[in-house]
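Biologist: Could you take me through one part of this protein slowly? I'd like a close look at its largest pocket and the residues around it, with enough of the surroundings to place it.

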Amino acid sequence: MAKITPLQESAVRHRAAQETAKAASDDKRCRGRPQVRPDDETRQIIYEVARHEFADSGYAATSMETVARRAGVSTKTLYRLVPNKASLFEGMVSDRLERFLADVNLRAVDHDDIEQALYVALMACADLTLDEEVVALQRMVLQEAGKASDIAGTFYRNGIQRSQAALADWLRGQQERGLIQLDDVEEAAGMLLGMVASAPRRAAIYGGVPLPSRAQIEARARTCAALFLRGCGTPARKP
C-alpha cells in the first residue's frame, strides 16, 4: 500500500474541512430560507380572510390592502393572485360554496325512508343558507348592489343558483329511484330551499330577528320534508 505523505494528508484534511463547511452553510441556508407556499393554499387563506372582512365591514369598506395585511401576504402577491376586489368577492363566494359541496355530498344522502333522507338533505342546505356569515354577506349584497357593478349577480350565480342546482341534482336522483314524482325538478328545488330558508333569512336581514336555533331549523326542515312529500311522493310512498 502506498504511504500517504504529510503533504497529501494535509491536502485531504483541507478538502474535507471545505466540504464540511460547505455542507453546514448549505444546511443553514435551507433552514433559514422560508418555504414557498403554493398559490392555491395562499389563495384559500386570502378568501377566508376576505369572507370575514366582507361580512363585517361590507363591500365598499373592505380594501385589498387590509385583506393582504390580515392574510399575511404582500399586496403584490395579492394582486398577482386576485386582480381586483370584484374578483376577490367572486372567488370568495365560489370558494365558500365549493368547500360546502366538498364537505356535504347530497348524493350520498340516501335512505330507504325518503322523508328522513329529504330531511338530512334539507339540513345540509340549511347549514349553508342559514349560516350567520352567509346571511351577513347577503345583507351586504343588498346594501351594495346599487354601488358595485355585479355584486348581486355574482352572489346569485355562485351562491344561490349553485345551491339550488345541488339540491335539484339530489331530487333528480330520488326520482330516478322511483321515490318521488316531479314535473320540474329545478323548480321543486327552488321551492324547497324557499320553504326551509327564505322566511327566517328575510326576518334576519330586514327585521333584525335572530336566526333560528339549531333545534328550530331541524324542526322546520322536518316539517318542510313532510309537506313537500305529500305532494310529490309516489302513491306507494306518500305519507
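Modeller: Let's start with Ser163, which counts as buried because its relative accessibility is 7%, under the 20% cut-off for that label. This is a predicted model, so please read everything here as computed. Ser163 sits in helix α8, and, leaving out residues up to four places away in sequence, it touches Leu97, Leu128 and Leu193. Another way to place Ser163 is by Gly190: the two are 27 residues apart in sequence, yet their C-alpha atoms are 9.3 Å apart in space.

Now to the pocket itself. The largest pocket has a volume of about 310 Å³. It is lined by 21 residues, and those closest to its centre are Thr129, Gln138, Gly159, Ile160 and Ser163. Helices α5 (85-103), α6, α7 (132-144), α8 and α9 each give two or more residues to that lining.

Thr129 deserves a look of its own. You will find Thr129 in helix α6, which covers residues 114-129. With a relative accessibility of 12%, Thr129 is also under 20% and therefore counts as buried. Beyond its neighbours within four places in sequence, Thr129 is in contact with Val134, Val135, Gln138, Ala197 and Arg201. One of these partners, Gln138, is again among the residues closest to the pocket centre.

Helix α6 as a whole is worth tracing in your viewer. Of its 16 residues, 12 are buried, so α6 is largely enclosed by the rest of the structure. The buried set includes Ile114, Tyr119, Met123, Cys125, Leu128 and Thr129. Leu128 is the residue we met as a contact of Ser163. The length of α6 fits what you would expect of a helix: at 1.5 Å a residue it should span 22 Å, and its end C-alpha atoms are 22 Å apart, which agrees.

Helix α10 (residues 214-232) brings in some of these helices again. Its buried residues are Ile217, Ala221, Cys224, Ala225, Ala226, Phe228, Leu229 and Cys232. What covers them includes α6, α8 (151-176) and α9 (185-207). The span of α10 also checks out: its 19 residues should reach 27 Å at 1.5 Å a residue, and its end C-alpha atoms are 27 Å apart.

Back on α8, Arg157 is another residue of that helix. Arg157 has a relative accessible area of 37%, which lies between 20% and 50%, so it is partly exposed. Not counting neighbours within four places in sequence, Arg157 is in contact with Asp150 and Arg162. Arg157 and Glu90 are 67 residues apart in sequence, while their C-alpha atoms are 9.6 Å apart in space.

Stepping back, the protein has 10 helices and 0 strands. Of its 239 residues, 39% count as buried. Among contacts with a separation of 6 or more, 70% join residues 24 or more positions apart. The protein exposes about 14000 Å², with carbon and sulfur atoms supplying 52% of that area.

Finally, a word on confidence. The mean pLDDT is 81, and 75% of the residues reach 70 or more. Over residues 27-33, however, pLDDT stays under 50, and the model has 0 contacts there beyond four places in sequence.

Key:
Residues numbered from 1 in each chain as written. Predicted model: local features only at pLDDT ≥ 70, side-chain atom pairs only at ≥ 80, totals over all residues. Heavy atoms only, no water. pLDDT = per-residue confidence, 0-100. Contact = heavy atoms within 4.5 Å. Helix = DSSP H or I, 4+ residues; strand = E, 2+ residues; numbered from the N terminus. Buried < 20%, exposed > 50% of the residue type's maximum accessible area, 1.4 Å probe, protein only. Areas by Shrake-Rupley, 256 points an atom, 1.4 Å probe, with all protein chains shown as cover. Expected span 1.5 Å × (residues − 1). 1 Å grid on protein atoms, 1.4 Å probe; cavity = no way out; pocket = protein on both sides within 12 Å on 5 of 7 lines; lining within 4 Å. Points joined across faces, edges and corners; volume = space filled by probe spheres on them.
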